[in-house]
Amino acid sequence: MTSNTSVPPKKLSEMRKDLYLWFKKNGRHELPWRKTENSYQILISEIMLQQTQVERVKPHWENWITKWPNIKSLASAPLNEVINAWSGLGYNRRSVNLHRTAQHIEAQYDSKVPIDEKNLLELPGIGPYTAAAIRCFSANKKAYPADTNITRVIARAFFGLQNSSPDTRKIIQKQLEEIEPSRNFRKHYLALMDLGALLCQSRSPSCDLCPWQNNCHWLERGKPSLQTSKKKSQPFESTTRYARGQIVEHLRTNPTRTTSEIRRLLPSNHKKNTAIYLETLAKEGLIEKNKTGWSLPS
Ligand code: SF4
């Protein structure tokens with residue numbers, strides 16, 4: 001590994017300046033959740049962005065904020081409406097967690113999203129990254145919201161590595177602390193995030209457009225170990241996630257269905273696991289059993 005843990009402060013300051021100039025012209029300032037510091041709206045965007053791409057999140061986020069503009073309205077919404085509104089975002093479990101989170105915040109924090117890290121981490125579906133992002137992007141807190149884009153940029157520019165890994169987490173965190181400004185944390189992390197998402201992409205980085213091209217160790221080393229072949233993944237239709245999504249989607253448009261009806265709708269390789277899928281979804285609160293079959297929660 002090319003270690004570079006002692007970059008002089010003057011150099012770091014120059015790199016920040018270059019980054020911010022690039023961000024001002026090229027950042028994704030048009031994203032609707034970038035135009036607000038409302039902690040509820042940022043919470044919704046961060047949960048949606050956990051496993052869904054930006055372009056798909058945009059219309060969902062706008063509809064969501066119009067329908068449920070605050071914690072109170074979301075907390076009092078029927079759960080089945082919340083699950084229905086999540087259609088198209090995938091990983092439906094997030095909708096149930098979000099509803100529980102809203103109810104928890106209404107009951108415990110007078111409907112105001114807490115900004116304390118410990119309180120945020122107690123909410124369903126909120127892990128260290130999401131808590132840091134909410135704190136940094138809504139309240140400009142020093143919180144290190146380092147997503148995969150940010151850690152990749154740091155691994156490349158400062159350590160000459162193709163990507164970050166669990167082994168390099170600590171040194172990357174230390175480097176992030178070193179390059180961090182003394183204020184304007186929000187702008188700083190959004191700029192780093194956009195550099196990773198727009199230029200320093202995983203498989204085809206646009207180094208010739210990068211504001212750090214003269215300071216990047218990985219570029220200087222000739223971009224070693226760039227893997228261009230994509231790992232073969234199993235077809236989506238064969239995954240449990242697909243089958244679970246199909247069941248929830250079916251119950252969004254059909255009030256109640258029996259186990260046999262649901263089994264019939266699933267592809268042959270999933271039929272034998274129908275009962276397991278249904279029980280697990282019910283346990284997670286996404287569906288419920290009634291006298292005649294299965295439905296979304298009332
Ligand atoms: S020069 Fe290339 S590899 Fe280095 S930070 Fe910029 S985009 Fe990433």
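**Exercise 1. Two helices side by side**

Find which residues of H2 meet which residues of H3 in this predicted model, and then describe how the two helices are arranged.

*Solution.* Start with the contacts. On the H2 side, look for Gln41, Ile44, Ser45, Met48 and Leu49; their partners in H3 are Val54, Val57, His60, Trp61, Trp64 and Ile65. Next, sort these residues by class: the contact of H2 with H3 has eight nonpolar and three polar residues, and no charged ones. Now turn to the axes. Helix H2 covers residues 39-49 and helix H3 covers residues 54-67, and their axes come within 10 Å. The angle at which they cross is roughly 145 degrees. Finally, add the hand: this crossing of H2 and H3 is right-handed.

**Exercise 2. Around the ligand**

Work out how many residues surround the ligand, and which are the closest.

*Solution.* Begin with the count, which is 13 residues. Cys200, Pro205, Cys207, Cys210 and Cys216 are the closest to the ligand. Then ask which elements take part: helix H9 (148-159) and helix H12 (217-220) are the ones that give two or more residues to the shell. Of the elements, H9 gives the most, with three residues. To finish, divide the shell by class: 11 of its residues are nonpolar, one is polar and one is charged.

**Exercise 3. The whole protein**

Describe the protein by its helices and strands, its extent and its burial.

*Solution.* Count the elements, and you will arrive at 16 helices and two strands. Then take the C-alpha trace, which spans about 70 × 45 × 30 Å along the principal axes. For burial, go through the 298 residues: 32% count as buried. One more step concerns contacts between residues at least 6 apart in sequence; 63% of these join residues at least 24 apart.

**Exercise 4. Domains that touch**

List the domains of the protein, then examine where domain 2 touches domain 3.

*Solution.* The domain assignment gives three entries to mark on your view: domain 1 (9-27 + 146-220), domain 2 (38-139) and domain 3 (236-287). Taken over C-alpha atoms, the centres of domain 2 and domain 3 are 25 Å apart. Seven residues of domain 2 are in contact with seven of domain 3. On the domain 2 side, the elements that give two or more residues are helix H5 (79-85) and helix H6 (93-108). By class, the residues on that side of domain 2 are two nonpolar, four polar and one charged.

Terms used: Residues numbered from 1 in each chain as written. Predicted model: local features only at pLDDT ≥ 70, side-chain atom pairs only at ≥ 80, totals over all residues. Axes fitted to C-alpha atoms, helices over the stretch in contact; angles between N-to-C directions. Helix = DSSP H or I, 4+ residues; strand = E, 2+ residues; numbered from the N terminus. Left-handed = near helix turned anticlockwise from the far one by under 90°. Nonpolar A, V, L, I, M, F, W, Y, C, P; charged D, E, K, R; others polar. Near = placed C-beta within 6 Å. Buried ≥ 20, exposed ≤ 12 C-beta atoms within 10 Å, placed from the backbone. Domains from an automatic or database assignment.
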